[in-house]
Each structure stands twice: as C-alpha cells, then as structure tokens.
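Work through these exercises with the model open. Each task is followed by a stepwise solution.

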Amino acid sequence: MDPTSTLAALDPDILRGLHGRSLLLTRDWTTPEIDTLLAVASRLEAADRAGRPLDLLRNELGYALFFDNSTRTRSAWAGGCARLGMHPVIVDGSSTQVEHGETATETGAMLGMNAHALGIRHDLILGEGNRFMREVKRGIDDYLAATGDARKVPVVNLQCDVDHPTQTLADLMWLRERFPEGLKGRKIAVSWAYSPSYAKPLSVPQGLAMLLTRFGAHVTLAHPEGYRLMEDTLESARAAARVSGGSFTEASAMDDAFAGADAVYPKSWGPYDLMLERVAANRARDKAKMAEIEARALARNAAHRDWICDERRMALTRGGDALYLHCLPADIGAEVAPAVMERHRVNVAREANKKVHVIMALLAVAKVPDLAHRLEGLAR
Ligand code: CP
C-alpha cells in the first residue's frame, strides 16, 4: 500500500476522536477509527523503514505489565516505545502487589501517576483479563481527574481473555498488504489445530472473528466439539458480517474451513469447559489444581492430533496456495506441518513485524495532538 495515499486518507475529526483513547477491544472502535489507525501505522512503518526519526513522544514512560509469557508482543512494545522516543519498562505482573491483593483500580492509579502509557497482558483466566484492564483504566482516569493532571495515559490491551487487538490488527494490516484490493469476498479459515504444548488462550480466534468480519471477509471458524469460544464474541462476528456484507460460519471439520480459502489461520486454544474450571482454581491460588486442569486440557487436545495444517489440507485451499497465518509461536509438527511452516516462514515473520507499527500508531493517535501535521513532517 502506498503510504502517501494512506496519509491523504487521514480524517482530522477521527484523529481528534482518538486522542486519549485506550484500546481494550477492537469492537470498541468504529471501522473508520480502525482504518485511520492502520493508515497511521502504515505511515509510521514507511518512515521507519526509510530510517526517519520518529521520536514523537520523547522522554515519556511506556510501562507494561505481563501476567503471561511473551516474546513478540513484549519486544514490539519495547521497540514501538523506543522508536517513539519513550522509555519502555516491562514488568512481570506476578511480581507486582496485584499478587498480594492490590486492586486493579489502585494499581492503575499508582502506575498512571508515573507512566505516560500502559500496556497489559492478562489472557489466561476467562472473565478476568479484560475486566482487569478496564479497572486499571478507571484507576488511571480517576487519579488524573482528581489531581487535575492533563496527561493522556492510554491503556493498550496486549492480550486478554477476550481479544488480542495488537495481534489481530497486525494480522489485518498484513492481509491488506497481501490482498491490496481488500478483504471483501475473501474466504478466511480460522481453525483450531492440535497443540501438545499448553492450553492456549481463546483471544486470538475470538479477536479474528470479531475483526475480519467487519471488512467483508467470509470467515469460517472450525473446531472440534468442546472447543467453543465465548458466545458474545461470536455474536459480534455475526453482527459485523451482517453489516459488512461478509459472512461468519462455523464448521466442525478443518477441511470444510480450508476448502476454497484464500487465507488460513490454524491455531490451538484450550477446551472451553476446562478454561472455565481454571477460574476458580486461579482465585484459590491452587497451583496443584491448575496443573491438574492443564494436564486434562492437553489430554483432551491429544484426541485431535489430526487437526494439523498439512500439505493435503493446503491443497484444498484456493489454487492450493492459500496464505498461511499464525500469531506465533506455532507448534511445528502439531499445529502445522514442517514443510508448510518452512514455505511461509518469512510470511509469518512479516505478519509478526506489523505489531510494532500497530503499537506505535496506538500510542501516537492517543498522545500526539497534532498527529496529522507531525506525520506530514515525517514524510518529507
Ligand atoms: N503472538 C504473540 O502475541 O506472541 P507472544 O505471545 O510471543 O507475544
């Protein structure tokens, strides 16, 4: 996509509306807001590749709390903050006083008084991650209002139980690069795949279903029995497809999702009922119970070893050559056959690399008041 044309598409009213905005779920943002965000991300990506300085937020603190492991998102947060001239600081959430019972609103107030933006990953416990982020944001906003502090301190969801917005927006940006005429009419398979490594969160398939249906794509979600997703996210996907002219269908066979697909996104997630069992065990801080639930989840996964993205299934896709996507890390030999992964190794790396520019765009739209003007300066 030509970055100059994306700059021309920036709407000053939409940019004004995004000033100070947090991103907690993509469905909280309108489609024009998402288009504007990605236009900013494309512009930042082009300027970054051209080696232009992008330090729009010099000397600000970009603090991030991770309650789960991360390679890509953590480094994208650090890379995005550093490119903008911010100081990134990333903390293991379990090392904070949240572990000792400090509430999310208290935590928000305490972090918000020092930080200029806050990223959070809290993805393992259904019903908790997104709620935690909203309470942290309330703590920050209440503190700023009570002290007459005019700073904008946006909260960026770096993966919760419901959505993984910086991932799905990076995926959308990558899909648009590969399908420059748009997603309208494209068939995209989002499928469960076998994993022996751990019971993965539900947020990536949920986020993809909610987001890609907004752009006219025909999204087919496939999974074995027992691996359903949160119903409200599926309802959002159905509603989005009705508005966009796309579609959202569910299938019980991976082959049905792959048949005729332009792009495939096969990845694992945990069995729904066991993900729910985790909630009480986590509240009780019962580590033995958590381990026992995890073992049962992996045993359940193992009954579906045939759910793999292999050459036979890729041959079912449009022209036998669909674009393979994965948020990474992929279980090679389980979720995806080694030869398929090898063929798409650079593709998935390029997909992953979009996240740094999505995060930069989120921080820039929320925090730089004269962003359109500043971006024009970057283009020269
Ligand atoms: N895809 C993704 O979010 O990767 P990490 O878990 O490594 O951040």
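**Exercise 1.** State how far apart the domain centres lie, and count the residues in contact.

Solution. The C-alpha centres of domain 1 and domain 2 are 25 Å apart. Their contact (heavy atoms within 4.5 Å) takes 29 residues from domain 1 and 35 residues from domain 2. The bounds, from an automatic or database domain assignment, are 3-163 + 355-379 for domain 1 and 167-352 for domain 2.

This is a predicted model: local features need pLDDT of at least 70, side-chain atom pairs count only at pLDDT 80 or more, and totals for chains, interfaces and linings use all residues. Residues are numbered from 1 along each chain as its sequence is written, and side-chain values use heavy atoms, without hydrogens and water.

**Exercise 2.** List the residues around the ligand and place the ligand relative to the domains.

Solution. Take residues with a heavy atom within 4 Å. They are Ser70, Thr71, Arg72, Thr73, Arg121, His164, Gln167, Cys327, Leu328 and Lys355. Domain 1 and domain 2 both give residues to this shell, so the ligand lies between them.

**Exercise 3.** Find side-chain polar contacts to ligand oxygen atoms, then give the buried share of the ligand.

Solution. A polar contact is a pair of N or O atoms within 3.5 Å. Thr73 places a polar side-chain atom 2.7 Å from a ligand oxygen. For His164 the distance from a side-chain N or O atom to a ligand oxygen is 2.8 Å. For Arg121 it is 2.9 Å. Alone, the ligand exposes 250 Å² (Shrake-Rupley method, 1.4 Å probe), and the protein buries 93% of that.

How values were computed. A polar contact is a pair of N or O atoms within 3.5 Å; within protein, one must be able to donate a hydrogen and the other to accept it, and residues adjacent in sequence count only if both atoms are side-chain atoms.
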